[in-house]
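Trainee: I would like to learn how to read charged side chains in a model. Please show me the structure and take me through it.

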Amino acid sequence: MTKPPLTLYLAAPRGFCAGVDRAIKIVEMALQKWGAPVYVRHEIVHNKFVVDGLRAKGAVFVEELDECPDDRPVIFSAHGVPKSVPAAAAAREMIYVDATCPLVSKVHIEAQRHAEAGLQMIMIGHKGHPETVGTMGQLPEGEVLLVETVDDVAGVQVRDPEKLAFVTQTTLSVDDTRDIVAALQDRFPAIVGPHKEDICYATTNRQEAVKTVAPKSDALLVVGAPNSSNSRRLVEVASKAGCTYAQLVQRATDIDWRALEGISSIALTAGASAPEVLVNEVIDAFRERYDVTVETVETATENVEFKVPRILRVPA
């Protein structure tokens, strides 16, 4: 039986970013240096496949520091942590390694500088997301106010409208954030923004690639985890770019084949914490059912690399 033809547009860039690469490497190097178990506070990155792989090597994932023993190393996830967490680890004389993405750390430093200049912060982000919790936790309670939508801007109560600055979560929708920033600047003309946009290069690049492939595809799949902010944003971006069917899948087994009946083209991308092996798994699943022609659509080239912390580069 002949398979129906299918054009698969493979978005590039996709998948792992430099911050995710670095965070995974940190856990692997910590296991090599200190042996198992090594504790990790929160999922190192938001991807079950990655987390399960590291767990099999001896990483123990916990939600809070008080679940960790004093005598084993602990790693803080790529999303960043409130200041109170490393302070508590230091007080317990624990060995700890901070795997916070350097681009998230940049936002933390920005928030600190603005606070030192006497400015109250407004953060554009998603309530409860570990990155938002970590950034807001750089400053005392009440010093960082959270807005999630344009509507939130109208209701935010500030101390002094002349002394404000804003930062953003690094994994947001570029277009939605632009609208929220415009609303903030409209309501608070004196508000100070970041020197360089907080949304990270990888988030921006993956969204731009999706905007290119989505309009020419009957459907679009994003390989990523449901708790991955940047992956969920890619689904939203695809829908807004004119793709009638855009879905998030963790693995090839999650594909809803009935929903894809009759398609002649599909686009495929992956969130910044999804490994390429899962993308290949999805492509193989399509090859089983279709005569697939893969077309890579590249909209940017990435060559960013981040060093691992010094503690991992020196012998035990």
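Mentor: What follows deals with salt bridges and with one buried arginine.

Mentor: This is a predicted model, in which local features need pLDDT of at least 70 and side-chain atom pairs count only at pLDDT 80 or more, while totals for chains, interfaces and linings use all residues. Residues are numbered from 1 along each chain as its sequence is written, and side-chain values use heavy atoms, with hydrogens and water left out.

Trainee: How many salt bridges are there by this rule?

Mentor: Side chains of opposite charge can pair when their charged atoms come close. The rule asks for a side-chain nitrogen of Lys or Arg within 4 Å of a carboxyl oxygen of Asp or Glu. By this rule the count is 17.

Trainee: Which residue forms a salt bridge with Arg 233?

Mentor: The partner of Arg 233 is Glu 236, with the closest N and O atoms 2.9 Å apart. Both residues belong to helix H9 (residues 229-240) and sit 3 residues apart, about one turn of the helix. Helices here are DSSP runs of H or I with at least four residues, numbered from the N terminus.

Trainee: Is Arg 233 buried or exposed?

Mentor: Relative accessible area under 20% is buried, over 50% exposed, and in between partly exposed (1.4 Å probe, protein chains only). Arg 233 counts as buried because its relative accessibility is 6%, whereas Glu 236, at 31%, is partly exposed.

Trainee: Where do Glu 208 and Lys 211 lie?

Mentor: Both are in helix H8 (residues 201-213), 3 residues apart, about one turn of the helix. Their side chains form a salt bridge at 3.3 Å, N to O. Glu 208 is partly exposed at 35%, and Lys 211 is partly exposed at 24%. A network of salt bridges links these two residues with Asp 175 and Arg 178.

Trainee: Which side chain of opposite charge is nearest to Arg 22?

Mentor: For charge, Lys and Arg count as positive and Asp and Glu as negative; His and the chain ends are not counted. The nearest is Asp 98, 6.4 Å away, and Arg 22 is buried with no salt bridge. Arg 22 lies in helix H1 (residues 18-34).

Trainee: Which backbone oxygen does the Arg 22 side chain reach?

Mentor: That of Thr 100, at 3.0 Å. Beyond its neighbours within four places in sequence, Arg 22 has contacts (heavy atoms within 4.5 Å) with residues including Asp 98, Thr 100, Phe 306 and Pro 309.

Conventions: Helices (H or I, at least four residues) and strands (E, at least two) are DSSP runs, numbered from the N terminus. A polar contact is a pair of N or O atoms within 3.5 Å; within protein, one must be able to donate a hydrogen and the other to accept it, and residues adjacent in sequence count only if both atoms are side-chain atoms.
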